[in-house]
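Reader: Hey, got a minute to walk me through this model? I'd like to start with the ligand site.

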Amino acid sequence: MKVIEHIRNAKGTLFSLEILPPLKGQNIQSLFETMDQLMEYQPAFVDVTYHREEYVFRDAGNGLLEKHVVKKRPGTVGICAAITNRYKVDTVPHIICGGFSRQDTEDALIDLNFVGIENVLVLRGDPIRSEGRFKPEPDGHAYATDLVRQVVDMNEGRYLDPDLRDVQKTNFCIGVAGYPEKHFEAPNLNTDLKYLKAKVDAGAEFIVTQMFFDNTRFFEFTAKCREAGIDVPIIPGLKPLTAKSQLSVIPHHFHIDMPDELVDLVERSRNDAEVREIGVQWCIRQSRELKEAGVPVLHYYTMGKAKSTAEIAKAVF
Ligand code: FAD
């Protein structure tokens, strides 16, 4: 079922998850163990992230370094198919512009359509780690809006080859990313909102937000979206803290702020077990307030770990 139909049919706030494909070389069993612990809370859908290639430099043995291209977490489509098959739950694969030509994207969407997937979260993707700026493929998309348009084209039966006849229309429900604390490259929040609206105007039917630890940021963002005429459901993304190191890693990687109260609590904690407990309690508090405010879905970034999310789901749903 489409995400938007889940939301329309729901009696209250829904529960959903994001998971990562396992590292290359690992089997799918650990992912199933994570899912086993979370299925009891009946997620409406499960997002599966997409990870593009990275460059690694290996010692060539002659005093020089050799550049290698590696994909550390392949398997997004396979994971979606395996999870849908095993748990009968809807999956939402993430698709990105980075590393994909338009033709690659079309072929990937054909695969997803054949597998029976009805939802996609459409993203630009981050720059390759060793490169400072995002670079689209020569025949790829520079922004998520352009990728949304390609999915909409296929939903309307327009493929890249104009000579195709009697083509099958795809039927994807399209989600996009939103940033309550602004995307890190945007000059300001209003400009970022202008481009978020462009994604919705192009055909996106729901928005999933970047994680945040201060609900005020989400409420202000939602109000600004509504003022800007963005009227699709906005799904808050939440992550429970699990380690002290995340106080600096998360702001660095996701470009978000942590509220003073949370920082004080974590700084005073003696070990990561205490931080995990603080993270769970903080996330329960956030979740309850968001649920009371009537958000359509509470979406949890599990990072492949079930324990904290299961405790939160038990307390909130
Ligand atoms: P866009 O919407 O294209 O925006 C990127 C930047 O360009 C923004 O600053 C925007 O304001 C600006 N912009 C947009 N359109 C224009 C325009 N026409 N002209 C000028 N500027 C413009 N990354 C992955 O690699 N894999 C994943 O699975 C993944 N999952 C994610 C899930 C969620 C919920 C979120 C919030 C992020 C996820 N990301 C993922 C990270 C995401 O790819 C990065 O944040 C990326 O830098 C931006 O992606 P976007 O789709 O928001 O880009």
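Reader: So which helix gives the most to the shell around the ligand?
Author: Helix 6 does, with three residues. Before going on, this is a predicted model, where local features need pLDDT of at least 70, side-chain atom pairs count only at pLDDT 80 or more, and totals for chains, interfaces and linings use all residues. Residues are numbered from 1 along each chain as its sequence is written, and side-chain values use heavy atoms, with hydrogens and water left out.

Reader: Ok. Which other elements supply at least two residues of that shell?
Author: Strand 5 (90-96), strand 6 (119-123) and strand 8 (206-211) do, along with helix 6 (189-202). Helices (H or I, at least four residues) and strands (E, at least two) are DSSP runs, numbered from the N terminus.

Reader: How many residues surround the ligand, and which are closest?
Author: There are 23, and the closest are Tyr-50, Asp-126, Tyr-179, Asp-192 and Lys-199. A residue counts if one of its heavy atoms lies within 4 Å of the ligand.

Reader: What's the mix by class?
Author: The shell has 13 nonpolar, five polar and five charged residues. Ala, Val, Leu, Ile, Met, Phe, Trp, Tyr, Cys and Pro count as nonpolar, Asp, Glu, Lys and Arg as charged, and the others, Gly among them, as polar.

Reader: What does the polar side-chain atom of Lys-199 lie 2.7 Å from?
Author: An oxygen atom of the ligand. Tyr-179 also has a polar side-chain atom 2.7 Å from a ligand oxygen atom, while for Tyr-195 it is a nitrogen atom of the ligand at 3.4 Å. Taken alone, the ligand exposes 980 Å², and the protein buries 85% of that (Shrake-Rupley method, 1.4 Å probe).

Reader: Switching topic: in which sense do strand 3 and strand 4 pair?
Author: Antiparallel, with six bridges between residues 54-59 and residues 65-70; pairing takes at least two DSSP bridges. Tyr-55, for one, has Val-69 in strand 4 as its bridge partner. The hairpin has five residues between the strands, and Gly-61 there takes a positive phi near 85 degrees.

Reader: And which residue that is not a glycine has a positive phi of about 55 degrees?
Author: Lys-88, in the loop between helix 3 (76-87) and strand 5. Most residues other than glycine have a negative phi. Met-303 has a positive phi too, of about 50 degrees, and lies in the loop between strand 10 (297-301) and helix 11 (307-316).

Reader: Is Lys-88 buried or exposed?
Author: Exposed, at 67% relative accessibility, whereas Met-303 is partly exposed at 30%. Buried means under 20% relative accessible area, exposed over 50%, partly exposed in between (1.4 Å probe, protein chains only).

Conventions: A polar contact is a pair of N or O atoms within 3.5 Å; within protein, one must be able to donate a hydrogen and the other to accept it, and residues adjacent in sequence count only if both atoms are side-chain atoms.
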